[in-house]
Amino acid sequence: MRETVRLKNTGLRGVTVADSAISFIDGEKGILIYRGYRIEDLVAYSTFMETSYLLLFGTLPTPEQLDSFTQQVKAMRTLPGHVIDSMRLWPKNARPMDILQASVPLLSMTKDREEGDEPDRRICLECSIGLIARLPSLVAVWHRIRTGQPILEPDPNLDHAANFLWMLQGKKPDTATAGDLDICLILHADHTFNASTFAAREVVSTRASLYAGVSAALGALSGNLHGGANTKVMEMLIKLENEPDIEQWVAGQLRRGDRLMGMGHAIYKTGDPRVAFLKTMGKRLEKQTVTKWAAISERIEKAALALFAEQGKTTILPNVDFASAPVYHLMGIPTDLMTPVFAISRVAGWCAHIIEEQFADAQGKPALYRPQAQYVGEYCGPMGCEYVPMKTR
Ligand SMILES: CC(=O)SCCNC(=O)CCNC(=O)[C@H](O)C(C)(C)COP(=O)(O)OP(=O)(O)OC[C@H]1O[C@@H](n2cnc3c(N)ncnc32)[C@H](O)[C@@H]1OP(=O)(O)O
Ligand SMILES: O=C([O-])CC(=O)C(=O)O
């Protein structure tokens, strides 16, 4: 008789697994800090290039350091030929996050990869700069290939966000749109030990390469409970565009036990500080069109919060993915590229965490992550199953 055991998984909630000097979240007060700087100040005064430097190097750059960093990123935007050749062979309907995850290891097959068995901090930093430069190119080039459009060369006169939109859309964006995307990139750049960052750190703790870590992080980010939620939010908004009874739809979704995408957060319990920036941005962008996404989002949010409150779940509130999806849509970013755009930003945080993990102690050696599981023997008790030969089963 098979015994059925209910498997528990705490998702490591509340467990501190390492020290980190990269970011800080107060989930009760809704505070997010990168390297000591509040996200509000970074949005107001910084750029994604400067924020990436801050995350990687730990301090704000001098003008000369920022200029040199920006020039290095610009110089590395072009993709190696073998990556583009490979992409041309891949199925055009592949999921963009799979394409990204498959492409990152291909970037390590060039001279900028880490050499030797032991990681070298200088080389890891160079590789990180290369990944920050090339992730946007991977997304844009893949989109051009899959839609049968010519691949566009990066434009050294354009800043990071503007160049991405140019390579993706073949049209130079206006300053305001490029600036808004740059702010989105700042807002998504790091978030302590979220699932994808933890995946990256876990992988490199085995002394696997930075590319292996980023590739793993991309896999983790693609999931609907994590970065994949922004794509699902946009699909929901489009589905509800002509739905007269949005409140009824939301109620049905929750009654069936389905999760409402873009709602809830593992850490923020009183609100996600990034949401207000994105909502304001979305409303501003929408003024140029016929306003609808903000209104639909508000109805979904209002209906959901009322129903969550009835269940006593007052901590389930809109998260960054709820608010970013309409913003990206209004920028002309295809729905299935919304999670890749998240990755273009988060790669800065991943690389900072990977480097922190790789050089975790004075010897520069990471502690291998190796947690334990409670063995519960799902089918026949924890021990003592009798092996039955195949022909007698
Ligand atoms: C960039 C990011 O990764 S932000 C998160 C993006 N993900 C999403 O938007 C997906 C939807 N949200 C969720 O699935 C969750 O809120 C998570 C995974 C993000 C965080 O969840 P946690 O706070 O750790 O809570 P957990 O998953 O344990 O859920 C607690 C309870 O709230 C419910 N709940 C949480 N979020 C939602 C939601 N969005 N819709 C419906 N119910 C929800 C759960 O079903 C659970 O109910 P139960 O106790 O009756 O079983
Ligand atoms: O921190 C998390 O759990 C999810 C995440 O990456 C984010 O909100 O940016």
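Helices α5 and α6 are oblique to each other, because their angle of about 135 degrees falls outside the other classes (under 35 degrees is roughly parallel, over 145 roughly antiparallel, 65 to 115 roughly perpendicular, and the rest oblique). This is a predicted model, where local features need pLDDT of at least 70, side-chain atom pairs count only at pLDDT 80 or more, and totals for chains, interfaces and linings use all residues. Residues are numbered from 1 along each chain as its sequence is written, and chains are lettered from A and ligands numbered from 1 in the order in which they are written.

Back to the pair. α5 covers residues 96-107, α6 covers 121-146, and their axes lie 10 Å apart. Axes here are lines fitted to C-alpha atoms, for helices over the stretch in contact, with angles from 0 to 180 degrees between N-to-C directions. Helices are DSSP runs of H or I, at least four residues; strands are runs of E, at least two; both are numbered from the N terminus. The crossing of α5 and α6 is right-handed: the near helix is turned clockwise from the far one by less than a right angle, where anticlockwise would be left-handed.

Who makes the contact? From α5, Pro96, Ile99, Leu100, Ser103 and Leu107; from α6, Gly130, Arg134, Leu138, Val139 and Trp142. Contact means C-beta atoms, placed from the backbone, within 7 Å. By class that is 7 nonpolar, 2 polar and 1 charged. Nonpolar covers Ala, Val, Leu, Ile, Met, Phe, Trp, Tyr, Cys and Pro; charged covers Asp, Glu, Lys and Arg; the others, Gly among them, are polar.

Second pair: α11, residues 229-239, and α15, residues 320-330. Their axes come within 8 Å and cross at roughly 70 degrees, so α11 and α15 are roughly perpendicular. This crossing is right-handed too. α11 brings Ala229, Asn230, Val233, Met234 and Leu237. α15 brings Asp321, Phe322, Ser324, Ala325, Pro326 and His329. The classes here are 7 nonpolar, 3 polar and 1 charged.

Stay with α15. How many of its residues are buried? The count is 11 of 11. Buried means 20 or more other C-beta atoms within 10 Å of a residue's own, exposed means 12 or fewer, and partly exposed is in between, with C-beta atoms placed from the backbone. The buried residues include Asp321 and His329. What do they pack against? The partners are α8 (175-188), α11, α13 (273-286), α14 (293-310) and α16 (338-358). Just after α15, Gly332 has a positive phi of about 85 degrees.

Now two other positive phi values. Most residues other than glycine have a negative phi. Thr192 has phi near 40 degrees, in the loop between α8 and α9 (195-204). Thr192 counts as partly exposed, because it has 17 C-beta neighbours inside 10 Å. Arg207 has phi near 75 degrees, in the loop between α9 and α10 (210-221). Arg207 is also partly exposed, with 14 other C-beta atoms within 10 Å.

Last, the whole protein. It has 16 helices and 3 strands. The radius of gyration is 22 Å, close to the 21 Å from the globule rule for 393 residues, so the protein is as compact as a globular protein of that length. That radius is taken over C-alpha atoms, and the rule is 2.2 Å times the number of residues to the power 0.38. Buried residues make up 43% of the 393. Among contacts between residues at least 6 apart in sequence, 74% join residues at least 24 apart.

Terms used: Two residues are in contact if their C-beta atoms, placed from the backbone, lie within 7 Å.
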